[in-house]
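User: I am new to this structure and would like a close look at a single part of it. Please pick one residue, go through its surroundings, and then place it among other parts of the chain.

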Amino acid sequence: MTHTSEPASGENGRGNHRKSTAEKREHSKAGAARGKGLHRRKFLGGMAGAGIAAVAAAGGAFSLLNDAAKNKASAADSTLTIPDLLEGTTSDSTTTFTLEAKTGTAEVLSGVTSDTMGYNQSFLGPTMKWTNGDTVLLNITNSLGEDTTVHFHGAHVPAKMDGGPQVAFADGETWAPTFTVDDSAKTLWYHPHALGTTAKQAVHGLAGMIIVEDDSTASSDLPSDYGVDDVPLIFQCLATDSAGDIKYDLAGYLESDLSYPLLLNGTNVDSASLSFTATKTRTRFRVLNASPSDIITIQRSDSGTLSQIATDQGYLTEATDVTSIRLVAGARAEFVMDLSADATLQAVVTTGWVRGGSGTYDVLAITASGTDTPDDLPSTLNTIDRYDTSDFTARTITLGQDGTTMLINGSAGTSMDSMAMISTTLGSQEIWTITNSTQLEHSFHLHDVPYQLISVNGEDPTGVQLGWYDTYEVVGGGSIEIAMEFTDYSDDTYMYMLHCHLLQHEDEGMMAGLMVTGDDTSTTTTDDSTATATASASASASASASATATDDSTATATASASATDD
Ligand code: C2O
Ligand code: CU
């Protein structure tokens with residue numbers, strides 16, 4: 001590990017909170033001294049009574065996608081940027097999407113140019129729409145100058161197509177996963193997942209939304225006109241120094257003179273809310289917390305309600321009125337608003353890690369200009385059969401730490417060799433108790449299949465907690481019980497991952513493998529030859545073969561990830 005020079009107290013129990021508070025106070029003076037923009041916000045306490053936020057960034061909010069011209073937009077006309085929709089090309093019933101992970105520059109801190117990364121653009125990536133039942137093929141080229149992977153967060157796909165660390169591919173290579181979209185309507189996202197570099201690459205801008213559509217009644221009854229009445233809201237609370245250098249690891253976060261800008265669809269909203277004109281009375285919002293570690297809570301400035309329709313993994317059984325939606329790093333939610341009058345959405349940022357942003361921001365001023373009268377929301381959106389877990393196989397997953405090394409079940413997953421491995425078989429139904437033995441905040445993410453919350457800190461789930469999740473908060477000292485069923489895909493070489501979605505924690509080792517094998521032990525990797533067509537394995541990815549493969553051809557494929565994979 002590279003963190004040998006970190007102070008031992010950095011992530012060490014409750015001291016962390018005090019340290020964080022002190023640093024934020026110290027830092028907020030710098031922010032106040034600059035005296036800009038602070039009047040635009042109401043500050044609330046952050047984690048553990050942290051007090052005034054550490055946000056020093058000030059000045060106008062700017063749109064920063066793609067080109068310099070956009071960077072010159074003034075705060076006065078900062079309309080919400082809608083990420084481009086990526087057009088696919090369909091032939092032979094396969095829809096092909098083309099993505100390039102590349103480097104660029106963008107204005108993350110007002111008036112300062114940052115080195116960034118993005119998919120097909122300088123920062124962030126276009127939104128993809130997938131349709132349930134369709135076959136998709138993604139041609140993803142790496143132009144980053146270093147290894148990467150692209151993970152389809154929340155998607156139920158074969159492990160070899162999942163974009164985990166085993167399928168890392170080098171600069172200049174193209175990775176071309178293909179699969180049938182098995183997910184029902186939901187909001188997913190894509191981001192890098194190579195061991196040790198996820199935080200760095202994601203905070204520099206490698207993240208994009210995926211909207212899965214289906215032919216359900218709920219989907220046809222809900223708003224779905226992208227950018228018009230179906231609006232993506234991608235939040236990132238980042239850390240940068242005054243030169244605009246985006247920080248991603250503990251050493252970086254402990255530097256002095258940091259700011260914690262809050263970005264909405266790539267635009268800094270520190271000093272001015274963005275505007276959106278709702279031309280339809282009913283508008284659907286899809287919120288993604290793409291922050292490395294901070295928690296984002298969405299609410300209305302007038303304390304009114306939001307009608308939540310979906311969690312990470314699709315529709316709730318019915319629209320549920322909530323006054324706020326709290327999203328840990330990696331989580332998503334969807335809600336609708338019926339706008340008969342203007343409204344303002346706020347984001348409350350809560351520090352999730354050793355340091356970070358905090359405070360309440362007016363992020364989106366919505367002008368209600370719709371004249372239509374929408375039908376009542378459908379009374380039923382989805383059927384969710386709650387698991388009876390009495391016959392489920394039980395496991396315990398312990399989230400731990402040893403100084404600044406993060407652990408799952410006692411192992412630091414900083415390499416494929418060293419990480420803990422959960423092995424199960426296709427068709428298994430399991431109940432896991434996720435225990436947080438640290439005093440730190442964690443965000444528990446499971447690849448492959450959705451899970452139901454069976455208990456949260458000993459309490460029965462209620463309301464929106466009865467939906468489907470793939471990423472859920474586990475507070476310091478807390479625990480959750482989750483239940484899931486491993487369906488459809490098995491493999492004895494390629495594995496899924498389970499980990500903390502605080503990106504620094506996963507890079508520091510809070511990552512384990514999940515191997516779902518076929519119950520007849522003859523399962524092999526999926527047989528298409530395109531998946532790893534031109535991928536070459538990274539050093540970190542190649543280590544897995546000896547530990548996992550039981551089949552010569554797939555072992556070779558994993559070790560070399562050669563162009564002629566089985
Ligand atoms: Cu969004 Cu394994 O991650
Ligand atoms: Cu964590």
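Analyst: A polar contact here is a pair of N or O atoms within 3.5 Å, where one atom must be able to donate a hydrogen and the other to accept it. The model is predicted. The residue chosen is His156, whose side chain makes such a polar contact with the side chain of Asp488, at 2.8 Å. The side chain of His156 also reaches the backbone oxygen of Asp448, at 2.8 Å.

Where does His156 sit along the chain? It is in the loop between strand 6, residues 151-153, and strand 7, residues 174-175. Is His156 buried or exposed? Its relative accessibility is 7%, and because buried means under 20%, His156 counts as buried.

Neighbours within four places in sequence are set aside in what follows. His156 is then in contact with Asp182, Asp183, Asp448, Val449, Thr487, Asp488 and Tyr489. Two residues in this list have been met already: Asp488 through its side chain, and Asp448 through its backbone oxygen. The C-alpha atoms of His156 and Phe179 are separated by 9.7 Å, and the two residues are 23 residues apart along the chain.

The chain as a whole gives the setting for this residue. It has 566 residues, and buried residues make up 60% of them. Its secondary structure consists of nine helices and 35 strands. Among contacts with a separation of 6 or more, residues 24 or more positions apart account for 76%.

Arg355 can be set beside His156, as another residue placed in a loop. The loop of Arg355 runs between strand 23 (343-350) and strand 24 (359-368). Arg355 counts as buried because its relative accessibility is 4%. The side chain of Arg355 has a polar atom 2.8 Å from the backbone oxygen of Tyr253, and it makes a polar contact of 3.3 Å with the side chain of Tyr260.

His499 offers a histidine placed in a strand, namely strand 34 (residues 496-500). With a relative accessibility of 0%, His499 counts as buried. Its side chain makes a polar contact with the side chain of His447, at 3.4 Å. Beyond four places in sequence, His499 is in contact with His193, Ile408, Ser443, Phe444, His445, His447, Glu506, Met510 and Met511.

Next comes a metal site. What coordinates the copper ion, ligand 2? The donors are ND1 of His442, SG of Cys500 and ND1 of His505, at 2.0 Å. His442 belongs to strand 29 (residues 442-446) and His505 to helix 6 (residues 503-507); this pair is 63 residues apart and links distant parts of the chain. The spacing of the donor residues in sequence is H-x57-C-x4-H. Both His442 and His505 are buried.

Glu100 gives a partly exposed case, with a relative accessibility of 30%. Its place is in strand 2, residues 94-109. Residues up to four places away in sequence aside, Glu100 touches Gly118, Tyr119, Asn120, Thr141 and Ser143. The side chains of Glu100 and Ser143 are joined by a polar contact of 2.6 Å. Gln121 is 21 residues from Glu100 in sequence, and their C-alpha atoms are 8.3 Å apart.

Two pockets complete the picture. The largest pocket has a volume of about 410 Å³. It is lined by 20 residues, and the closest to its centre are Ser184, Lys186, Gln313, Pro450 and Trp468. Its lining divides into seven nonpolar, eight polar and five charged residues.

The second largest pocket has a volume of about 350 Å³. Of its 23 lining residues, Arg326, Leu327, Tyr469, Tyr472 and Glu473 are the closest to the centre. Strand 19 (306-311), strand 21 (324-327), strand 22 (332-338) and strand 32 (471-474) each give two or more residues to this lining. The lining of the second largest pocket divides into 13 nonpolar, six polar and four charged residues.

To return to the chosen part: His156 lies in a loop, counts as buried, and its side chain has a polar contact with the side chain of Asp488 and reaches the backbone oxygen of Asp448.

Note on methods
Residues are numbered from 1 along each chain as its sequence is written. Chains are lettered from A and ligands numbered from 1 in the order in which they are written. This is a predicted model: local features need pLDDT of at least 70, side-chain atom pairs count only at pLDDT 80 or more; totals for chains, interfaces and linings use all residues. Side-chain values use heavy atoms; hydrogens and water are left out. Helices (H or I, at least four residues) and strands (E, at least two) are DSSP runs, numbered from the N terminus. Buried means under 20% relative accessible area, exposed over 50%, partly exposed in between (1.4 Å probe, protein chains only). Contact means heavy atoms within 4.5 Å. Donors are N, O and S atoms within 2.8 Å of the metal (3.2 Å for Na, K and Ca); water is not among the atoms, so sites may look incomplete. On a 1 Å grid over the protein atoms alone, a cavity is a set of points where a 1.4 Å probe fits but cannot get out, and a pocket is an open set with protein on both sides within 12 Å along at least five of seven lines; lining residues have an atom within 4 Å of a point. Grid points are joined across faces, edges and corners, and a volume is the space filled by probe spheres set on the points. Ala, Val, Leu, Ile, Met, Phe, Trp, Tyr, Cys and Pro count as nonpolar, Asp, Glu, Lys and Arg as charged, and the others, Gly among them, as polar.
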